[in-house]
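Let's take a look at side-chain contacts in this one, starting with the aromatics and then moving on to the charged pairs.

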Amino acid sequence: VWLGLALFMVYETRLNGLTVVVIMAASQILRIARQPGQYGARQVAACCLPYVVFFIARWLAECTFMPATSNLSDVGSVTVGKVLENIGYYIGVTAQYLYRLSMPVSLVLLPLLFVLLAMGIYVKGFRWENLHLTFFVLATYFVLVILPYVQGIRYLFNILPFLMMYMAYGGI
């Protein structure tokens, strides 16, 4: 029940809150599919409970309050040029964050950090235990680049710990 309420709060307060809900559901479905003997009907029902609570809370909120304006309406107005511009922008914002982490030897460490990040994602990012995190990182970037505006690093705060984790994996 608490997880369902937490998912509702993430959905209500974050642009990519729905992404979190979908990635989490997909992760649970993959886990159940990979270990079918360990999950009976009762365990599957328990896994579904947070999503039932999420949808009930969402329905109650939308019946009670005016729903927030969806950013999905903004997606239709984006152009290919703007998507390419946003890709460059968010790569730059990520680079700027890594640059500040590695000061005062940033010019040497920044390329190394990007190499470690790529290696970490390649080596450990597509394993079952990290697959949902990799999809979350990629989905976050995807959602951001298809919007017709940019929001700065604040929209990357939720994935920065995972980028750091992948850099550490790349260093192992």
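## Tyr11 and its ring partner

Tyr11 is buried, with a relative accessible area of 19%; that falls under the 20% cut-off for calling a residue buried. Keep in mind that this is a predicted model.

Across the whole structure, a search turns up 5 aromatic pairs. In one of them, Tyr11 meets Phe54 edge-to-face, with 5.5 Å from centre to centre and 85° between the planes. Tyr11 sits in helix α1 (residues 2-13) and Phe54 in helix α3 (residues 41-64), so this pair ties together parts that are 43 residues apart in sequence.

## Adding Phe55

Phe54 is buried as well, at 1% relative accessibility. Phe54 also pairs with Phe55, again edge-to-face: 5.0 Å centre to centre, with 65° between the planes. Phe55 itself is partly exposed, at 48% relative accessibility. Put together, Tyr11, Phe54 and Phe55 make up one aromatic cluster.

## Salt bridges

On the charged side, the structure has 2 salt bridges. One joins the side chains of Arg58 and Glu62, at 3.3 Å from N to O. Both of these residues are in helix α3, 4 residues apart, or about one turn of the helix. Arg58 is partly exposed at 23% relative accessibility, and Glu62 is partly exposed at 35%.

Lys82 and Glu85 form a salt bridge too, with their closest N and O atoms 3.3 Å apart. This pair lies in helix α5 (residues 80-101), with the partners 3 residues apart, about one turn of the helix. Lys82 comes out as partly exposed, at 21% relative accessibility.

Definitions and conventions: Residues are numbered from 1 along each chain as its sequence is written. This is a predicted model: local features need pLDDT of at least 70, side-chain atom pairs count only at pLDDT 80 or more; totals for chains, interfaces and linings use all residues. Side-chain values use heavy atoms; hydrogens and water are left out. Rings of Phe, Tyr and Trp (its six-membered ring) pair if their centres lie within 6.5 Å; planes under 30 degrees apart count as stacked, over 60 as edge-to-face and the rest as tilted. Helices (H or I, at least four residues) and strands (E, at least two) are DSSP runs, numbered from the N terminus. Buried means under 20% relative accessible area, exposed over 50%, partly exposed in between (1.4 Å probe, protein chains only). A salt bridge is a side-chain nitrogen of Lys or Arg within 4 Å of a carboxyl oxygen of Asp or Glu.
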